[in-house]
Amino acid sequence: IKYSIPSVILSSSKDDKGGVTLRRDQSDNKVTLKVYDVLGNEIATLVDEHKEAGYYEVEFAATQLASGVYFYRLQAGNFIQTKKMVLLR
């Protein structure tokens with residue numbers, strides 16, 4: 001699974017008057033990459049550490065898993081993305 005963390009991220013927050021403030025933060029985030037089955041049970045934690053900006057790749061050895069649909073969830077700071085993957089034996 002390949003992923004990247006940008007060098008600068010944009011984050012937003014609401015002020016007291018309901019306006020939105022954008023700010024640029026340096027990217028040195030707590031990154032987690034976890035694999036789940038279709039029932040939402042956590043199968044594996046592939047990454048759980050602070051990472052600097054850059055490109056990364058992690059190998060998922062699913063030798064003891066059955067064929068089927070699985071999901072992986074990448075969380076880096078405020079960013080969260082979930083993708084589906086199919087494991088075929």
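The exercises below, each with a worked solution, concern a predicted model.

**Exercise 1.** Describe the secondary structure of the chain and the pattern it follows along the sequence.

*Solution.* Counting the elements gives 0 helices and 8 strands in the chain. Reading along the sequence then gives the pattern β-β-β-β-β-β-β-β.

**Exercise 2.** Determine how the rings of Tyr-3 and Tyr-56 are arranged, and which parts of the chain the pair ties together.

*Solution.* The structure holds 1 aromatic pair. In this pair the ring centres of Tyr-3 and Tyr-56 are 5.5 Å apart and the ring planes stand at 25 degrees, so the pair counts as stacked, given that planes under 30 degrees apart meet that description. Because Tyr-3 lies in strand E1 (residues 2-5) and Tyr-56 in strand E6 (residues 54-57), the pair ties together parts that are 53 residues apart in sequence.

**Exercise 3.** Classify Tyr-3, Tyr-56 and Val-69 as buried, partly exposed or exposed.

*Solution.* The cut-offs needed are under 20% relative accessible area for buried and over 50% for exposed, with partly exposed in between. Tyr-3, at 8% relative accessibility, is therefore buried. Tyr-56, at 22%, is partly exposed, and Val-69, at 32%, is also partly exposed.

**Exercise 4.** Place Val-69 in its strand and in the nonpolar patch on the surface.

*Solution.* Val-69 is found in strand E7, which covers residues 68-76. On the surface, Val-69 forms a nonpolar patch with Val-38, Leu-39, Val-86 and Leu-88, and together these residues have about 540 Å² of accessible area. For the chain as a whole, the accessible surface comes to about 6,600 Å², of which 48% belongs to carbon and sulfur atoms.

Note on methods
Residues numbered from 1 in each chain as written. Predicted model: local features only at pLDDT ≥ 70, side-chain atom pairs only at ≥ 80, totals over all residues. Heavy atoms only, no water. Patch = residues over 30% accessible without salt bridge, like charges linked within 9 Å, V, L, I, M, F, W, Y side chains within 5 Å. Areas by Shrake-Rupley, 256 points an atom, 1.4 Å probe, with all protein chains shown as cover. Salt bridge = Lys/Arg side-chain N within 4 Å of Asp/Glu carboxyl O. Helix = DSSP H or I, 4+ residues; strand = E, 2+ residues; numbered from the N terminus. Buried < 20%, exposed > 50% of the residue type's maximum accessible area, 1.4 Å probe, protein only. Phe/Tyr/Trp six-rings, centres within 6.5 Å; stacked < 30°, edge-to-face > 60°.
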